[in-house]
Structure formats: structure tokens, C-alpha cells
Amino acid sequence: MTFQKFILGLVVAFGLPWLLLIVIPFGKMSNLEAVSFDEDEDGRVGVYSSDQQHYQFGSAVYGANGCYVCHTQLIRPTYAGSDMWRDNWAGQNKDADDQDTRRESVPQDYAKETFAHIGINRVGQDLSSVGYRLEKEAASLGLSPEAFIYRRLLAPRDFVGKHWSTCPSQPQLFKKASPFAKSQNVVTFENAEGELQAYVPKKEAKALTRYLLSLKKDNQVPASMSYKPAK
Ligand code: HEC
């Protein structure tokens, strides 16, 4: 092999993926065109703009604690994955008005975020619309969504049928407290040795909880942008 061919090989091996995976998607995503609703297809008119509220500090806590290593926030198109067909995963199968809100992710979903946590692995569930699932699970256990998430963050394996969970405990987001403290904020649970543990959430835990509950990326987008099973 000549030196020239070697250099050419290097350029192709690194340059082509760089072009296809970074330069082209960046160009496409940074010049998003406004997309309009279609009255016949969507039942409304106007230009789509994301109405998602974004919780900056909670999102930073999510990033700093490596949640994105195991959780994605990207509902894949139906040809690339089964996200759309999992219960309340890509949105709600049925909302209060009996509507199906499930849909694929669109680039506008991340428009207000300083960092888009699309994630790098799918070890745990996709969290794009986890707000709905957390509210439902909390209600089924008779807990407030916040109290349920604090317990989940501290002791992910301390729930019926979850002893196998590899979701790591996050004690650094809490302060240890006395199990006898009489405050509504105290989260108590028994550890593996049967000892009562008590913690109070720090501001990081509160912000992360608000952020997780805000994750409901299933607001209506023009049908031309994203696939919905209802269409
Ligand atoms: C090592 C991989 C890993 C990391 C890192 C991780 N998780 Fe998990 N997570 C999982 C797995 C596996 C599950 C599924 C089992 C379960 O429900 O506990 C899960 C489940 C969850 C659920 C429940 C999702 C649902 O659909 O009900 C939430 C919420 C969650 N994780 C939040 C977090 C947060 C917040 C962080 C960062 C502080 C985090 N996870 C970091 C692996 C991980």
C-alpha cells in the first residue's frame, strides 16, 4: 500500500461517518422550517411551535448524574423500533378525552433545551413521556408523584417486582435524616437488612423530579411531521 492510499483510506474511514452522522444531520436540524397544521388532517390551523416547558436545572441534574447513559428520550420511527406500541411510552394510549396522543419524536421537541438528552443506550425505558407513567404508578401505590419519584430515586429495587432493577440509587441527591423526623418531606424505606432509612430531598432531587414529571413529549404536531398510530 502506498502512503497516498493509506491517507486516502484514513480520510474515507473517518471523513465519511463524520459527514453522514454529524455534518449533514447538523445542517438539517439547525435550519428547521416552520411547519403548518393542515385543517383537514389535523383539525386545526396555524404554525406548529413546541409548547413544552423546559426545566433547565432538572435537565442539568439529569445530565450530571448520567441518566442518559441508560435512558433515551427519542421515540423512534416505526421502521426502526417498537417504541410506538409500548404502553404509554410514546404518549398516552388514551388520554382524558379518549384520544391517542402517541407519536414519534420531532426535532422541535428539543428546541428549548440547552442539551438534548437523546441518550446513548436503551438499558432502561425511553423517558420521552415518562411523566404520564410516573403519575399513574404513583397513583396506583397511593403516593403523590413527587413522593413516589423520591423513593424511586433512592431505592429503585424497593418495589414489588422490581428487585432486579439495575437503575442505580441516587443517595447523593438526598440528605440523611432521622426516621422519626416528623416532616412530610422525609422519604423512608427499609434497606436490604430491614433497617429503616430516612432521607430528605436536596434541591437537585426536587429539580430532577419536576423535570421527570414534565417529560410528556406527545403534544400535537402536524401529521406531516410525525407518524401517529391513530392516523
Ligand atoms: C445503569 C443503567 C441506568 C442508569 C444509569 C439509570 N437508569 Fe433508570 N432505569 C434503568 C433500568 C434497567 C430501568 C427499568 C427497571 C426499573 O423500573 O427500575 C430503569 C427505570 C427508570 C425509571 C422508570 C421508567 C418507567 O417507564 O417507569 C425512571 C423514572 C428512571 N429509571 C429514572 C432514572 C434517572 C432519573 C436516572 C439518573 C439519575 C437513571 N434512571 C439512571 C437503568 C438505569
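# Exercises on a predicted model

The buried residues of helix 5 pack against helix 4, strand 1, strand 2, strand 3 and helix 6. The model is predicted. Work through each task with the structure in view.

## Exercise 1: Helix 5 and what it packs against

Task: Find which residues of helix 5 are buried, and name the elements they pack against.

Solution.
- Step 1. Locate helix 5, which covers 145-154.
- Step 2. Pick out its buried residues: Phe148, Ile149, Tyr150, Leu153 and Leu154.
- Step 3. Follow their packing. These buried residues meet two helices by name, helix 4 and helix 6. They also pack against strand 1, strand 2 and strand 3.

## Exercise 2: The strands

Task: Work out how strand 1 and strand 2 each pair with strand 3.

Solution.
- Step 1. Start with strand 3, residues 196-201. Of its 6 residues, 5 are buried, so the rest of the structure largely encloses this strand.
- Step 2. Add strand 1, residues 174-176. Strand 1 runs antiparallel to strand 3, with 3 bridges between them. Check one bridge: lysine 175 has valine 200 of strand 3 as its partner.
- Step 3. Add strand 2, residues 187-190. Strand 2 is also antiparallel to strand 3, and 4 bridges join the two. Here phenylalanine 189 stands opposite glutamine 197.
- Step 4. Look at the link. Strand 2 and strand 3 make a hairpin, with 5 residues between them. Glycine 194 sits in the turn and has a positive phi of about 80°.

## Exercise 3: Two domains

Task: State how the chain is divided, and how many residues each domain gives to the contact.

Solution.
- Step 1. Read off the division. Domain 1 takes 36-129 + 215-231, and domain 2 takes 132-211. The contact between them uses 23 residues from domain 1 and 15 residues from domain 2.
- Step 2. Compare the centres. Taken over C-alpha atoms, the centres of domain 1 and domain 2 are 26 Å apart.

## Exercise 4: The shell around the ligand

Task: Describe the shell of residues around the ligand, then list its polar contacts with histidine 71, arginine 152 and lysine 162.

Solution.
- Step 1. Count the shell. It has 24 residues, of which Cys67, Cys70, His71, Ser165 and Cys167 come nearest to the ligand.
- Step 2. Sort by type: 12 are nonpolar, 8 polar and 4 charged.
- Step 3. Sort by domain. Domain 1 and domain 2 each give at least three residues to the shell.
- Step 4. Sort by helix. Helix 4 (130-140), helix 5 and helix 6 (203-214) each supply at least two residues. Helix 4 has the largest share, with 4 residues.
- Step 5. Trace the polar contacts. Histidine 71 places a polar side-chain atom 2.8 Å from a nitrogen atom of the ligand. Arginine 152 has a polar side-chain atom 2.8 Å from a ligand oxygen atom. For lysine 162, a side-chain N or O atom is 2.9 Å from an oxygen atom of the ligand.

## Exercise 5: The loop between helix 3 and helix 4

Task: Decide whether asparagine 88 and aspartate 98 are buried or exposed, and say what marks their phi angles.

Solution.
- Step 1. Place both residues. Asparagine 88 belongs to the loop between helix 3 and helix 4. Aspartate 98 lies in the loop between helix 3 and helix 4 too.
- Step 2. Recall the usual case. Most residues other than glycine have a negative phi.
- Step 3. Check the angles. Asparagine 88 is not a glycine, yet its phi is positive, at about 50°. Aspartate 98, also not a glycine, has a positive phi of about 65°.
- Step 4. Apply the cut-offs: buried is under 20% relative accessible area, exposed over 50%. Asparagine 88 has 11%, so it is buried. Aspartate 98 has 58%, so it is exposed.

## Exercise 6: Aspartate 83 and serine 129

Task: Show where aspartate 83 and serine 129 lie, and what they touch.

Solution.
- Step 1. Place aspartate 83 in the loop between helix 3 (56-64) and helix 4. Its relative accessible area is 1%, so aspartate 83 is buried.
- Step 2. Follow its side chain, which reaches the backbone nitrogen of arginine 76 at 2.8 Å.
- Step 3. Leave aside neighbours within four places in sequence. Aspartate 83 then contacts Leu74, Ile75, Arg76, Trp89, Ala90 and Arg122.
- Step 4. Turn to serine 129, in the loop between helix 3 and helix 4. With a relative accessible area of 0%, serine 129 is buried.
- Step 5. Leave aside neighbours within four places again. The contacts of serine 129 include Asn88, Trp89, Leu215 and Asp218.

How values were computed: Residues numbered from 1 in each chain as written. Predicted model: local features only at pLDDT ≥ 70, side-chain atom pairs only at ≥ 80, totals over all residues. Heavy atoms only, no water. Near = heavy atom within 4 Å. Polar contact = N/O pair within 3.5 Å; in protein donor to acceptor, adjacent residues only side chain to side chain. Nonpolar A, V, L, I, M, F, W, Y, C, P; charged D, E, K, R; others polar. Domains from an automatic or database assignment. Buried < 20%, exposed > 50% of the residue type's maximum accessible area, 1.4 Å probe, protein only. Pairing = 2+ DSSP bridges. Contact = heavy atoms within 4.5 Å.
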